[in-house]
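Good morning, colleagues, and thank you for joining this group meeting. Please take a moment to look at the model that I shall now display.

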Protein chains: 4
Amino acid sequence: MQGSHPKRVSPEDLRELYLAVRSYTEKLCEPLEIEDYVPQPVVDVSPPKWNIAHTTWFFEEMILKNFSQDYKVFDESFRFLFNSYYNSVGERTLRDHRGDLSRPTVKRIFEYRKYVDEKMYVFLDSDLAQDVRDLVILGLNHEQQHQELFLTDLKYIFGVNPLFPVYSNDFLPIEVTESEQGDFIEINGGTFDIGFDGGGFCFDNELALHKVFLNDFSICERLVSNREYTEFIEDGGYGDFRLWHSEGWDWVRQNGIEKPLYWHDLNGELVQYTYAGLGKIWPNAPVCHISFYEASAFAEWKGCRLPTEFEWEAASGRFRWGLRWEWTNSAYLPYPGFKKAAGAVGEYNGKFMINQMVLRGGSVVTPPGHSRKTYRNFFHPHLRWQFTGIRLAT
Amino acid sequence: MQGSHPKRVSPEDLRELYLAVRSYTEKLCEPLEIEDYVPQPVVDVSPPKWNIAHTTWFFEEMILKNFSQDYKVFDESFRFLFNSYYNSVGERTLRDHRGDLSRPTVKRIFEYRKYVDEKMYVFLDSDLAQDVRDLVILGLNHEQQHQELFLTDLKYIFGVNPLFPVYSNDFLPIEVTESEQGDFIEINGGTFDIGFDGGGFCFDNELALHKVFLNDFSICERLVSNREYTEFIEDGGYGDFRLWHSEGWDWVRQNGIEKPLYWHDLNGELVQYTYAGLGKIWPNAPVCHISFYEASAFAEWKGCRLPTEFEWEAASGRFRWGLRWEWTNSAYLPYPGFKKAAGAVGEYNGKFMINQMVLRGGSVVTPPGHSRKTYRNFFHPHLRWQFTGIRLAT
Amino acid sequence: MQGSHPKRVSPEDLRELYLAVRSYTEKLCEPLEIEDYVPQPVVDVSPPKWNIAHTTWFFEEMILKNFSQDYKVFDESFRFLFNSYYNSVGERTLRDHRGDLSRPTVKRIFEYRKYVDEKMYVFLDSDLAQDVRDLVILGLNHEQQHQELFLTDLKYIFGVNPLFPVYSNDFLPIEVTESEQGDFIEINGGTFDIGFDGGGFCFDNELALHKVFLNDFSICERLVSNREYTEFIEDGGYGDFRLWHSEGWDWVRQNGIEKPLYWHDLNGELVQYTYAGLGKIWPNAPVCHISFYEASAFAEWKGCRLPTEFEWEAASGRFRWGLRWEWTNSAYLPYPGFKKAAGAVGEYNGKFMINQMVLRGGSVVTPPGHSRKTYRNFFHPHLRWQFTGIRLAT
Amino acid sequence: MQGSHPKRVSPEDLRELYLAVRSYTEKLCEPLEIEDYVPQPVVDVSPPKWNIAHTTWFFEEMILKNFSQDYKVFDESFRFLFNSYYNSVGERTLRDHRGDLSRPTVKRIFEYRKYVDEKMYVFLDSDLAQDVRDLVILGLNHEQQHQELFLTDLKYIFGVNPLFPVYSNDFLPIEVTESEQGDFIEINGGTFDIGFDGGGFCFDNELALHKVFLNDFSICERLVSNREYTEFIEDGGYGDFRLWHSEGWDWVRQNGIEKPLYWHDLNGELVQYTYAGLGKIWPNAPVCHISFYEASAFAEWKGCRLPTEFEWEAASGRFRWGLRWEWTNSAYLPYPGFKKAAGAVGEYNGKFMINQMVLRGGSVVTPPGHSRKTYRNFFHPHLRWQFTGIRLAT
């Protein structure tokens, strides 16, 4: 799961990294009321308190219980309450019933975090084997992924509430940042190196480095803007089956989709929900919260297409990215030579390699430093609650 | 909706009654953590905070807004957030999405209660027409119904939580009270007066008083006990289609039903969840949390039947009741001459008169003084989260 | 299941009756193409070949196998293929998968009928005990019920086909017969005898004769016409929640219901599908193919109500009936003293006594002589494929 | 949709080809009873009569109506009755309601075929532009695809029938043909040409010829046998979540999957349904009727993997194929430069390029000469009614 030759991190640096990542999670919680930690409005959105507890559980279950002598678990019941998809680790609370659980309380979950953190600090001061240290780094990257989920899940919880609560005004500037000016750039075909090259941490799905042959292609320097997407809507894009995948068309009609998630028609004017509440749609900002189906239909309407993940990676040095996760036209599949790790951590990535599409880049709620050009994010093609956007290719 | 000739209640008594009922709701809330107010694990179970707010909403929407001059609403958005089934009163939050809403907070909902209560006390001190006073009494009876729902909904929320939290030890003695000794008593047939006779409050579905002809019948003085129900289980009652209604049999098989709700198999021993947590099943206590289908199958197994609601009412002076709501074999239908009230309160009862069965009596969580021998409770035949039991007839 | 003292039927008469009923089934089949025997477009509609085989199966399974010495079954597999709801008789083909079966062929099913009929004629010539003769009469009444189902199921199969095939012109005159002129008639209250009185055959659900007390009521001599129902539509009846049961309102909205089944909007004009194909709606004919929810909402709109089944029976001598099954506001429940027969025939009626409403009268496709004033038909409140109509009461 | 430079086919050859393909469809129908043409037991399985009519409809709708002067359509209603997914061509009968239609009859559908064939023969004798000729060839390849669907759909219809009818004994020898002996062969990595090279007909999804870089890999000369698959079952493969994709594991548990489709446990012995009826499982025959999930879990259990479609194509000259469609680990996505054709035929392939996996090879029911090494078949990962098998790679 981790890169084959991660750079050595000193004990002091590891401790500091642990502190930084764990503290950031707690900082994200500050604006919340206790009630906000509980709901699970749809199966894909976890209750915030579950996200908070689950990342702690990872350190307890994968590290302390296995490698810290005499470690005493905080609460035996948390083993299955905060397990996610790790079937190896006993029974788990069914994923669509996480929102039914009012207990343990938020207070108790923060006690749990504190307890595990204290044990971890002692543990990190001891002499650790490299593979254990790698596991700690994996745990911190795992926590960063859940920081992003925490934020997107919370946006969904607030976004379906008729009161449209404000979470924070801090994100607004970057949520509505204007797209760069930019044009299509030409890339000459040939054989490219794809995948992680071994310096520092990566997830197992980025391995191994391998060659991919690409034809000539061109890719746009900037993301599709709200203005362009509004033109698509006004041109009847949601009503023209020729632009859509067959399953995308079914999805549009069955769910009455006619605009991005979080866009609302308020007395005839389109507005959007952001972390700062209901507000105007900034025409120059990159369009956000769209499904793969919508991204693909828009590209078709524009006479373009979505890049493959390989094209994206090959060209990634030529444009700015990180404002929106960018749907590619690549299915999430293993790279040549992909091997699952033994044991529970082996469930991390491989088992999801079906029916999902790859997204590249990163978003305004991706923790700083978490993503990289070889990073492979993946979601089902109908999902929209992530900060997803469009980059065109031809 | 209310009885045609309710007894006059003095202004002082009405104010005292209002205080008593409203305070009791708040007393029920004392053991809760804030998180407990939020979940809605199934559509029939409302979040506790919704129950708390909805009863307040009734006084604001039905009384203060219509009859209190210059009343200023607490929050315009609460009109649709805490509306239940009253289609007359604008858009409402869909019943199965109440658990998605973390806001308004519990704190704000208690502020809402306080605000409305203060306005109500001033209002109750003014000179009120009789029909307005009747509406206040209706509102208090409505709140008592939601006190019972608050308790049964909370039991469900705690009962599906693997931690099986304790709510209170206060209910245990009555939850497990032994059934009276008792035998079948014979009732001679003839014409009986059924329905409310006009002294004090009643719901509109208890009207009008009318005659029903009954054959001779016998009815048991006591409720079916856990011991008897366990015999039914051990005799294979859940596996013998001949005992069941056709739709009951489908329900049993599709849901894998094999014991009452809240009964668990703990390492081979049957235990039950009560407000005091997981504990033993008291053999002499009346069986509880069973569906109409189960009640009916048990009666068939016993060579008996369930009484009709008319038999129950005619015989109700001859036995003790109030420990469990008792399923009858009567469908919930209007009495002769039933008339819906005009306006939103007309939605109270009549629109539910299809596909539900009548329960008579009352339960250990029915507020004291709320029920009476003419009271008609009603639920769909598969539901089990109320304190429902069995009285046999032949 | 049969009346306690059916009139003696002579052996000759029984044989003749058998011939008449069985031949009528085959006459109904004459206009069909082989393909028409196969589809099951919704779970409630059985494939015509299933209806044909199932009635034959009743005689084989309930009579010949039990009472005819040395009877050799036609095909062992038919035992579960053509069983309906008789759980006592082994595994059955799931009710919603009857339309999956192309085999046995129609030809083979008619051979089955011929084989069983030949055995039955020999059997009927032998000396039969009264209870066996009663069972034969039950089988014939059962076949008559399936003759009506055959016709209503076929109407559904043709009615959803965009080609709107013609079955027969023979039914048209009675499908569109004008309602009688008529007015409300007053019935004085008191105690009435309800249920079958013992002369001839009846189903077990019509027993026992018992007394019911009724208030004064009035009931209309004629059925509601298409003209009146069209006024209800034009007045916005389908859009006014106040007229509907809560579950009826959900049904209307979820299914987009806005007119009776088989009514179509053809270029702005309302037309209807009958056995004679698409045609005009006869304004004076009784409205047909409506659900209980619609019947009830119409009555509410008219300031009236539906009669109870007891009122209907008490008044049935005062008006003509038999053109439409008439929804009553009575739930399908057992009469006092109702007892299920032992064995498989005991499954005939009692197990359906939940969540269904009683219809009284008969329809244009009820076999002549099959119904009577005590006859209790029953369906779920949302179903519309029977010939159902409305008689008003107040 | 067709290859860029198809070989010229002479008018005589085209006419002969037309005759051969159309006649083969009719030959496949010979063993059927009329009833067999009607059912649609699941949405993916079309009624045989629909397959028969739909292929005819293609020639009428795409060719005769557009290019044959004065062509008079056989029946206007067939336009939407036998349209499949071609949204461009007006309203269509919803895909999951095809089995509801008893009319038009089988007889009429064969008259339709005869009518269109006669017009086509006249048309083929005229002087046709190359693109029209290409469209005829496309129609014939389309018909061949539906010949295979006809056979697999019929197998499903017979396979769910408790009578397990015999279709034909002709297929048995090839259904149970023994797998070749064989071992893994090593392929050296490098850049390979993938896709159709322009000689003759191909579908648009095989274009354009492009380069793919592959690492070294090895691939097995033979398919996985029933014997090996039985070992997987006996080793508990269906119960070990570690072998499965997350969605595959959900599929296994929700559907109670524990063996290939058409395998039955008959009194403790595993048997299979083939076109020749119920019979033994031939241990040396290649396993068949398994989903992608099962193929992938088996490969994982074996310590191998499925090949990509590119590996398969690159190595396809080194092994025999054509007995089973072989699941690859490639998602169905467009090749570089893929362009949809204008108009209705543009809906042929591109709109399905999401959520499906590629299968390569061909099967015992693929019409002779229809497949080729560049042919890309595709299905959703849970589907099993095609003749699907496993080839291992490492």
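Across the interface of chain B and chain C, nine residue pairs are found in polar contact, with both residues of each pair at pLDDT 80 or more. I should say at once that this is a predicted model. As for salt bridges, the count between chain B and chain C is zero.

Which elements of chain B supply this interface? At least two residues each of the side of chain B that touches chain C come from strand E3 (210-214), helix H8 (246-255), helix H9 (292-301) and strand E8 (325-331). By character, the residues on that side of chain B are 16 nonpolar, 12 polar and nine charged.

Let me turn to the extent of this contact. Chain B contributes 37 residues and chain C contributes 37 residues. The area buried between the two is about 2,700 Å², and carbon and sulfur atoms account for 55% of it.

How are chain B and chain C related in space? A turn of 180 degrees, with a shift of 0.0 Å along the axis, lays chain B on chain C with an RMSD of 0.0 Å. Both copies use the same surface, for 100% of the contact residues of chain B recur in chain C.

I now come to the interface of chain D and chain C. Here too a rotation is found: 180 degrees, with 0.0 Å of shift along its axis, superposes chain D on chain C at an RMSD of 0.0 Å. The two copies are therefore related as by a two-fold rotation axis. In chain D, the C-alpha nearest that axis belongs to D:Glu35, at 2.9 Å from it. The same surface again serves both copies, since 100% of the contact residues of chain D recur in chain C.

This contact takes 28 residues from chain D and 28 residues from chain C. Together, chain D and chain C bury about 2,300 Å², of which 64% is given by carbon and sulfur atoms.

How many salt bridges are counted between chain D and chain C? The count is two. One salt bridge joins the side chains of C:Asp36 and D:Arg103, at 2.6 Å from N to O. Polar contact across this interface involves eight residue pairs, both residues being at pLDDT 80 or more.

On the side of chain D that touches chain C, helix H3 (78-81), helix H4 (106-125) and helix H5 (130-159) each supply at least two residues. The residues of that side of chain D comprise 16 nonpolar, six polar and six charged.

Conventions: Residues are numbered from 1 along each chain as its sequence is written. Chains are lettered from A and ligands numbered from 1 in the order in which they are written. This is a predicted model: local features need pLDDT of at least 70, side-chain atom pairs count only at pLDDT 80 or more; totals for chains, interfaces and linings use all residues. Side-chain values use heavy atoms; hydrogens and water are left out. Copies are superposed by least squares on the C-alpha atoms of residues with pLDDT of at least 70 in both. Contact means heavy atoms within 4.5 Å. Buried area is the accessible area (1.4 Å probe) that two parts lose on being put together, summed over both. A salt bridge is a side-chain nitrogen of Lys or Arg within 4 Å of a carboxyl oxygen of Asp or Glu. A polar contact is a pair of N or O atoms within 3.5 Å; within protein, one must be able to donate a hydrogen and the other to accept it, and residues adjacent in sequence count only if both atoms are side-chain atoms. Helices (H or I, at least four residues) and strands (E, at least two) are DSSP runs, numbered from the N terminus. Ala, Val, Leu, Ile, Met, Phe, Trp, Tyr, Cys and Pro count as nonpolar, Asp, Glu, Lys and Arg as charged, and the others, Gly among them, as polar.
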